[in-house]
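Got a few minutes and a pencil? Work through the exercises below with the structure open beside you, and try each task before you read its solution.

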Amino acid sequence: MARIEILVEEPSMKEFLTILLPKVIEKPWELNTNYFIRSFEGKNDLQKNIPSKVKYLSNWNHEPVGVVIMQDQDSSDCKILKQKLLDICSQNGNCPKLVRIICKELESWYIGDFDAVNKAYPKFNHQNFMKKAKYRNPDICNASYEIKRIIPEFQKVGGAKKIAPFIDIQKNKSESFQQTISGLVRFFDAIKN
């Protein structure tokens, strides 16, 4: 059986993907059977753990394997950060890899789908925000600040669990979200073949 390990920098991304990925990743892939999401305690912890995971998967003899690394861009240069993560992988093994940098952060994906946010937080009147210029491109606004400002009760892990079931994969306005999901689908297809 093929195996994919998805490494993410924080628990909120793990919770989000745990709900979202089964909607987009088809059989024979099954969460916690042949693909796994591992969360870490921030960027440094993630990067510290990449070498051992890549070494482990590079020595996997049985079936096709792959590793996915997902990290928020935050204030980093996207291309430099992606290359750094690819270099860490290359220095520690040769298994297939996919690196996705989330522009700028997971909360950008929420702002990309205000309808989902409204369903998760019914008191939030998304109509007041959808047309504002600063939300038109969710990948460049200060999303974590904005989501907390407009939904004061928002918490990272709880918010991920609440919003993820309502995310519309086709209509999300975050280019980062679209690129990440399409990249994941292609990667999973390539590993199983």
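**Exercise 1. Put the strands of the sheet in order.**

Step 1: reading across the open sheet, the four strands come in the order S2-S1-S3-S4, with parallel pairing. Here strands are DSSP runs of E with at least two residues, helices are runs of H or I with at least four, both numbered from the N terminus, and two strands pair if DSSP finds at least two bridges between them.

Step 2: look at the edges. S2 and S4 (97-102) each have a single partner strand, so one side of each has no neighbour in the sheet.

Step 3: add the twist, which averages 15 degrees from one strand to the next.

A word on the model before you go on: it is predicted, so local features need pLDDT of at least 70 and side-chain atom pairs count only at pLDDT 80 or more, while totals for chains, interfaces and linings use all residues. Residues are numbered from 1 along each chain as its sequence is written, and side-chain values use heavy atoms, leaving out hydrogens and water.

**Exercise 2. Find the bridges of S1.**

Step 1: on one side, S1 (residues 3-8) is joined to S2 (residues 35-39) by five bridges, and the two run parallel. Val-8 has Ser-39 in S2 as its bridge partner.

Step 2: S1 also pairs with S3 over six bridges, again in the parallel sense. For Arg-3, the bridge partner in S3 is Val-65.

**Exercise 3. Is Arg-3 buried or exposed?**

Step 1: locate Arg-3, which sits in strand S1.

Step 2: check its relative accessibility. The value is 15%, so Arg-3 counts as buried (under 20% relative accessible area is buried, over 50% exposed, in between partly exposed; 1.4 Å probe, protein chains only).

Step 3: list what surrounds it. Skipping neighbours within four places in sequence, the contacts of Arg-3 include Trp-29, Phe-36, Tyr-56, Trp-60 and Ile-191 (contact means heavy atoms within 4.5 Å).

Now compare Ser-76, in the loop between S3 (65-72) and helix H3 (78-90). Its relative accessibility is 29%, so Ser-76 counts as partly exposed. Cys-103 is 27 residues away along the chain, yet the two C-alpha atoms are 9.8 Å apart.

**Exercise 4. Place the helices on the sheet.**

Step 1: H1 lies across S1, S2, S3 and S4, at about 160 degrees to S2 (axes are lines fitted to C-alpha atoms, for helices over the stretch in contact, and angles run from 0 to 180 degrees between N-to-C directions).

Step 2: H2 packs on the sheet too, touching S1, S2 and S3, and its direction makes about 170 degrees with that of S3.

**Exercise 5. How do H2 and H3 pack?**

Step 1: the axes of H2 (residues 43-58) and H3 come within 9 Å and cross at roughly 40 degrees.

Step 2: name the arrangement. H2 and H3 are therefore oblique to each other (under 35 degrees is roughly parallel, over 145 roughly antiparallel, 65 to 115 roughly perpendicular, the rest oblique).

Step 3: find the residues. Among them are Ile-50 and Val-54 of H2, and Leu-81 and Leu-85 of H3.

Step 4: sort the contact residues into seven nonpolar, one polar and one charged (Ala, Val, Leu, Ile, Met, Phe, Trp, Tyr, Cys and Pro are nonpolar; Asp, Glu, Lys and Arg charged; the others, Gly among them, polar).
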